[in-house]
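Colleague: Before I use this model at the bench, I would like to hear how its descriptive terms are justified. Could we go through them one by one?

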Amino acid sequence: MNALTKFLKDYSLIELLKGMRVTGGNLFAKKITVYYPEEKTPKSPRFRGLHALRRYPNGEERCIACKLCEAVCPALAITIDSTEREDGTRRTTRYDIDLFKCIYCGFCEEACPVDSIVLTDIHEFHFEEAGKHVIDKSHLLELGDQYEQQIAQARREDAPYR
C-alpha cells in the first residue's frame, strides 16, 4: 500500500500543481517596483555609510590619535600614524580607511572619545580607479567639512539627553 501511494504521488505531479498554484497566485498580485535613481526608498535611522572625520568649530581636527578606532576595528581596516606636536598634543599624520575591508559595523564611531570619526548616511559612492578604495585623512576631513551640518543635525537628533 505504501509503495502504491508513493507511485501515485510521484506520477500525478501533485508537487507541480502546488507550485503552479503559488505562481498563479503571485502572477496577478500588485507589483512593487522602485525606479532607483529617481525614486529613493527610506533608509533605516541606524544606517551606517561612508566615513568622515570632523573638525572643531575653530577648524582644528578633532582626532587626538588615541588609536582606539584602530584597535576596535574587527576588520583591521583603519591605519593610523601619529606624531606629537610642539604643544604636547598628539595628532595624526596618517589616517587611512580601506573601504574594501570595512564591514561598516560602527565600532570606530562608538570608540572615539572626541566624536571625530563618524559614519554618515552617504551610501552612493563608487570607485573608478584602482587604489581609490583607501580613503586618506585629507579626503576624510573633506567629507567631514562637506557634510558637517548634516552630521551635527543627526547628532542632535540622536542625543539621549536634551
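Modeller: Let us start with the term polar contact, which is a pair of N or O atoms within 3.5 Å, where, within protein, one must be able to donate a hydrogen and the other to accept it. Please keep in mind that this is a predicted model.

Colleague: What makes the approach of the side chain of Lys31 to the backbone oxygen of Leu27 a polar contact?

Modeller: The side chain of Lys31 reaches that oxygen of Leu27 at 2.9 Å, and the cut-off is 3.5 Å, so the pair qualifies. A polar atom of the Lys31 side chain also lies 3.0 Å from the backbone oxygen of Ala29.

Colleague: Why is Lys31 called exposed?

Modeller: Its relative accessibility is 51%, and exposed means over 50%, so Lys31 falls in that class. Lys31 sits in the loop between helix H2 (14–27) and S1.

Colleague: How do you know which part of helix H5 the buried residues line?

Modeller: The buried residues of H5 (residues 137–146) are Lys137, Leu140, Leu141, Leu143 and Gly144. Viewed down the helix axis, they fall within an arc of 160 degrees, and therefore line one face of H5. Their cover includes strand S1 (51–53), strand S3 (90–98), strand S5 (134–135) and helix H6 (148–158).

Colleague: What makes strands S2 and S3 a pair?

Modeller: Seven bridges join S2 (residues 78–84) to S3, whereas pairing asks for at least two, so the criterion is met. The two strands run antiparallel, and one of the bridges has Ser82 partnered with Thr92 in S3. S2 and S3 form a hairpin with five residues between them, and Gly88 in the turn has a positive phi of about 95 degrees.

Key
Residues are numbered from 1 along each chain as its sequence is written. This is a predicted model: local features need pLDDT of at least 70, side-chain atom pairs count only at pLDDT 80 or more; totals for chains, interfaces and linings use all residues. Side-chain values use heavy atoms; hydrogens and water are left out. Buried means under 20% relative accessible area, exposed over 50%, partly exposed in between (1.4 Å probe, protein chains only). Helices (H or I, at least four residues) and strands (E, at least two) are DSSP runs, numbered from the N terminus. The arc is that of the directions from the helix axis to the C-beta atoms. Contact means heavy atoms within 4.5 Å.
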